[in-house]
Amino acid sequence: MDPKYEIISTQKQNIYITTTGISNIEIEIINSILPKNFILENTLSTSTTYLVTYKALFTEKYIQALKWEIPVIDVEWLYDTSQNIKKYYLLPFLGTCFTTSNVTNDIFKNYYKAYSAFYSPNLNISTDFLISSVDCDGEKNEFAKKYKIPIIDPENVFKNDFSLFGKSNNYTVLDIKTENIFENKIFYLESTLPSIIFNKLKRLIIENEGTRVSSIDNEVDYIITTKYSNIKKYENKNIYYQYIFDCVEQNILLLPDFYCIYNFEKYKILDETVCVVDKGLQNNRIILYNKIKAMGGRIKSRIDSSCTHFIVKNKKEFKKDSFRPYKVISFDWIDQCLYSLRFIKEDRYLVSKPTLNVFKLLKERENIKNVIYIETKKNKIFQFTGLAFYLKEKAIKMLNDFNIDYIDGDRYEKCTHLIMGSVSTSEKFLSCLAQGGWILKPNFIDDYDNSESFNFEKYEWSLDENFDENDKKIIASVKKWREKVLYEGKPAFYKWKVKLYCDDPKKESYIRVLQNGGATMTEADDYTHCFVDKKYTGKIKEHKYFSTDYIFSYLFKGR
């Protein structure tokens with residue numbers, strides 16, 4: 001007798017959020033709109049999922065999050081958590097302003113520019129840090145010491161010792177009045193602000209005797225937004241909206257310079273490169289890693305088929321191998337790219353060009369006993385089901401590194417690949433199964449190299465002696481349906497017209513699984529299949545129908 005299956009609702013995992021630089025006013029707003037599985041905490045810990053802020057602030061929390069490699073996320077994401085979080089990750093120095101003194105090599109300046117920091121030739125009290133020798137006696141150094149602006153020695157630039165950037169978050173007052181703090185100040189609110197923030201800011205401006213206008217002109221004091229405005233003549237007026245919240249919370253008019261939004265450039269110098277650093281560079285490995293990361297490159301600990309550049313210390317010392325699909329290049333190429341802030345042609349720095357041993361490749365192919373399904377150029381879209389949180393974060397980081405699309409949602413979204421943590425009959429699993437998608441084990445996350453010849457079948461859920469009988473039927477269906485849909489080009493429920501008798505909330509889950517598998521739903525008598533949930537208590541006019549168990553039986557027998 002077949003076991004009785006149910007569609008398992010994938011329970012949302014708790015997401016632990018800690019903030020830094022966010023006012024109590026905004027935290028109250030965030031708490032009112034967060035999904036139930038988002039938990040806002042005051043303390044940063046190793047179990048914190050994300051640290052949320054609006055720019056690089058280098059508070060104690062911010063520095064600790066970078067040390068613990070806790071992702072730092074733009075607070076804007078919390079106003080629509082259905083959006084792909086990928087675009088809300090903050091680079092370590094995003095939004096900061098820095099300058100230099102007695103530093104002649106542009107590589108030091110360009111390192112932070114590559115990390116989205118803004119370079120200014122001038123130093124003022126709102127400058128985030130100064131690059132200069134600590135022992136230098138210049139005016140800038142004296143000013144930085146007076147106002148406790150961090151001074152970063154050039155020899156520490158590439159080490160990413162974030163504790164050196166710590167700066168007390170003392171508010172600098174522009175006007176000491178504590179009533180009508182926005183009197184005679186004119187604000188323009190960017191319409192792209194989240195509506196709940198827009199309305200709150202509008203009220204606070206009016207309550208504190210400020211003026212809000214609907215268009216920008218020379219009279220406007222502040223352009224309140226989250227992004228830099230492209231209107232260049234107003235560039236010094238672009239202010240993070242958090243400025244208004246902080247002024248109101250402190251009940252005083254603060255200096256807006258600390259909230260200025262800078263027009264930094266986005267550099268993608270090495271975004272198409274995957275680098276492996278030779279062991280001979282062990283002493284400089286961390287510095288090289290940091291330089292490559294700053295320019296958008298990816299780093300691997302060992303050579304695989306995704307490697308594009310193997311970085312070596314010395315051309316003469318490198319032992320040549322005749323056949324390799326990557327470029328062997330001296331490490332000073334990295335410095336030249338960073339110095340120029342652009343991709344430099346490798347010709348001058350090449351030890352050897354990439355080559356391919358055709359005969360060796362053919363021999364390797366002859367040794368492959370089973371068919372290996374090689375990904376086509378079709379865009380891959382990943383989703384997750386039943387993954388532990390740390391595994392999902394690991395998967396997301398890997399997909400981000402390879403610039404591969406993924407959807408971190410509760411429902412199946414026509415993904416091509418589903419990474420499943422444990423055997424279950426979740427809605428996403430059943431939908432992907434019916435669509436003939438790849439359903440992969442968690443060990444895929446560590447081994448995927450984004451090569452066109454990657455063997456997905458090796459990581460597909462398949463039978464072994466560790467599964468009980470019920471799970472064996474589920475797992476056996478994974479490859480059967482993938483191959484069947486691949487060869488026939490039709491999903492599992494192709495041309496089914498289904499009439500369904502089922503009570504909520506299960507009904508919507510059944511409908512989505514059936515529709516994802518190619519079925520259409522009907523209330524009329526032109527159905528091909530009529531299903532009745534075993535717990536349904538209403539009237540049924542049809543004389544011939546099946547239990548909803550038939551859907552599971554059909555899928556798990558791979559008919």
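Visitor: What makes 49% of the 559 residues in the protein chain count as buried?

Guide: Buried means under 20% relative accessible area, exposed over 50%, and partly exposed in between, with a 1.4 Å probe and protein chains only. Buried residues make up 49% of the 559 residues in the chain. This is a predicted model, in which local features need pLDDT of at least 70, side-chain atom pairs count only at pLDDT 80 or more, and totals for chains, interfaces and linings use all residues. Residues are numbered from 1 along each chain as its sequence is written, and side-chain values use heavy atoms, with hydrogens and water left out.

Visitor: Why is Thr 127 called buried or exposed?

Guide: Thr 127 has 0% relative accessibility, so it counts as buried. Thr 127 lies in the loop between strand 6 (118-119) and strand 7 (129-131). Helices (H or I, at least four residues) and strands (E, at least two) are DSSP runs, numbered from the N terminus.

Visitor: What does Thr 127 touch, not counting residues up to four places away in sequence?

Guide: Contact means heavy atoms within 4.5 Å. On that rule Thr 127 touches Cys 97, Phe 98, Thr 99, Asn 122, Ile 149 and Lys 167.

Visitor: Why is Lys 148 called buried or exposed?

Guide: The relative accessibility of Lys 148 is 66%, so Lys 148 counts as exposed. Lys 148 is placed in the loop between helix 4 (139-146) and strand 8 (151-152). Its C-alpha atom is separated by 8.9 Å from that of Ile 125, 23 residues apart along the chain.

Visitor: How do you know that strand 10 and strand 12 pair?

Guide: Two strands pair if DSSP finds at least two bridges between them. Three bridges join strand 10 (residues 186-189) to strand 12 (residues 222-225), and the two run parallel. One of the bridge partners in strand 12 is Tyr 222, which goes with Phe 187. Helix 5 (residues 195-207) packs on the sheet and touches strand 10, strand 11 and strand 12; its direction makes about 170° with that of strand 10. Axes are lines fitted to C-alpha atoms, for helices over the stretch in contact, and angles run from 0 to 180 degrees between N-to-C directions.

Visitor: What makes strand 11 and strand 13 edges of the sheet?

Guide: The sheet is open, with four strands in the order 11-10-12-13 and parallel pairing. Strand 11 (211-213) and strand 13 (238-240) each have a single partner strand, so one side of each is left without a neighbour in the sheet.

Visitor: Which residues of helix 1 are buried, and what do they pack against?

Guide: In helix 1 (residues 24-33), Ile 25, Glu 26, Ile 27, Ile 29 and Ile 30 are buried. The buried residues of this helix pack against strand 1 (15-19), strand 2 (38-41), helix 5 and helix 6.

Visitor: What makes a set of residues a nonpolar core?

Guide: Such a core is a set of buried Ala, Val, Leu, Ile, Met, Phe, Trp, Tyr and Cys residues joined through side-chain atoms within 4.5 Å. The largest one has 64 residues, and Ile 244 and Phe 444 have the most contacts inside it. Apart from it lies another core of 49 residues, among them Val 103, Phe 165, Met 295 and Ile 329.

Visitor: Where does pLDDT stay under 50?

Guide: pLDDT is the predictor's confidence in each residue, from 0 to 100. It stays under 50 over residues 357-377, whereas the chain averages 86. Where pLDDT is low, the predicted coordinates should not be read in detail.
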